[in-house]
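This short report covers one protein chain. It starts with one helix, turns to a neighbouring helix pair, and ends with the chain as a whole.

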Amino acid sequence: MNSTAKSSRSRTRHTGAAAVALTAAAALLAGCSSDSDGTSDNPLAGDKAEAGTVVVGSNNFAESTLLADIYGEALKAKGLKVTYKHNIGSRETTYGMMKNGSVTVLPEYNGSLLAYLDPKAEQKSVEAVNEAAKAKLDKKLTLLESSPAENKDSVSVNAETAKKYGLTAESTLADLKDVAPDLVIGGSPEFQTRQQGLKGLESVYGLKFKSFKALDAGGPLTQSALTKNDVQAADVFTTDPTIIKEKFVVLKDPENLFGHANVTPLVTKDGLDKEGVATLNAVSAKLDTETLLDLDAQVQLDKKDPLDVAKEWLKSAGLL
C-alpha cells in the first residue's frame, strides 16, 4: 500500500512543510521549550548532547510530550542522566536534531516516519515498515522495538450510530457494508479522493456512503460534527481523547487500509547503552493503543501534568 497520502496529513506527527519549519525558526528561537526540570532550551540549538547525558526530545503536540516523559523517566529509573527538549517542532526540525546529535531519543510513529523518508514505500507489516525505515535513516540513527500502540487514522462512528446498528469495539469496517448507504462520513477534503480514504474504503471493504462532508484532519470540526450527528462516521485518530469523552466507536481495520503508525523510539546509535535500549524496548512492550488513549485523556481532558501521568503509568507497569 502506498503511503504518500498519509504523509500529506496536515498534522505535526506526519510531516510539516519545510518552508513552514524555516519561517517558524524565529518564533521557535524566541519561544524556547521548557524542560521538566524547569530549565529552558533553544529548540534549534545544534550542540551535541553532553557525553553521558540522554537528551529526550518531543514534537510540538501533547502526545509526543507525554511519550517523551515516559521514555525519559523510565531511563532515569535505570540511573541514566536525562534532560528534555520538549515541543521542538515538526519532523523536519526534530529529525535534523537527531542527525546532528543534539537529541538522543525521540518518540516516533514508524509508518509516518517511513512516509517522510520514502513517500512511495509500502507498509505491509510492522516489521517490514521498521526495516524499510531503518534502511532510509541517517547512518547514525536507528529504531528500537515498536509498541502495539498506534495513533493513526480510523473510521469511527458516534454512540448513536453504534447503538442503532449494533456496532461495538469488536466491529470491523466490513460490518459497515450494509449500513454505509445510510451514513454521512466526514473527514479532511483529501480523505474523499485518496486510497487511504473513501477510495480505499470502497475498493477494500466495499463501502459506499450516502455522502461525504469535508471537515478537517481529525480536528475540532470533525469531532464536533460527529458528536452532533451531522456526520455518523468520520476519520478520527485512534488515540484522540474525544473517543472516550463522546463514546465514539473505533472500527477495526483488519485489511490494514490505514497502514501503520506504531509508537517507536528513534535513537542515536551511540546515545544509549544496552540497558537503555532494553529499558525503552520494555516500555514499548507494555504500551498499547487503549493504554495510550487513556493516558492522553488524562493529560488532554483531565488536564493532568504529563510528567505525573508518565510516572504513574510507569509505576503501574512495573517500570519505575
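## A buried helix

The model is predicted. In helix α6, N110, G111, S112, L113, L114 and A115 are buried. The helix spans residues 110–117, and six of its eight residues are buried, so α6 is largely enclosed by the rest of the structure. Buried here means under 20% relative accessible area.

## The crossing of α5 and α6

Helix α5 covers residues 91–99. Its axis and that of α6 come within 12 Å and cross at roughly 90°. Angles of 65 to 115 degrees count as roughly perpendicular. The two helices, α5 and α6, are therefore roughly perpendicular to each other.

Which residues of α5 and α6 meet? From α5 come R91, E92 and Y95. From α6 come S112, L113, Y116 and L117. By class, this contact has four nonpolar residues, two charged and one polar. Two of the α6 residues in the contact, S112 and L113, also appear among the buried residues of that helix.

## The chain as a whole

The chain has 320 residues, and 54% of them are buried. Its secondary structure comprises 14 helices and twelve strands.

Contacts often link distant parts of the sequence. Of those between residues at least 6 apart in sequence, 76% join residues at least 24 apart. The exposed area of the chain is about 13600 Å². Carbon and sulfur atoms supply 51% of that area.

How values were computed
Residues are numbered from 1 along each chain as its sequence is written. This is a predicted model: local features need pLDDT of at least 70, side-chain atom pairs count only at pLDDT 80 or more; totals for chains, interfaces and linings use all residues. Side-chain values use heavy atoms; hydrogens and water are left out. Helices (H or I, at least four residues) and strands (E, at least two) are DSSP runs, numbered from the N terminus. Buried means under 20% relative accessible area, exposed over 50%, partly exposed in between (1.4 Å probe, protein chains only). Contact means heavy atoms within 4.5 Å. Accessible areas come from the Shrake-Rupley method with a 1.4 Å probe; for residues, only the protein chains shown count as cover. Axes are lines fitted to C-alpha atoms, for helices over the stretch in contact, and angles run from 0 to 180 degrees between N-to-C directions. Angles under 35 degrees count as roughly parallel, over 145 as roughly antiparallel, 65 to 115 as roughly perpendicular and the rest as oblique. Ala, Val, Leu, Ile, Met, Phe, Trp, Tyr, Cys and Pro count as nonpolar, Asp, Glu, Lys and Arg as charged, and the others, Gly among them, as polar.
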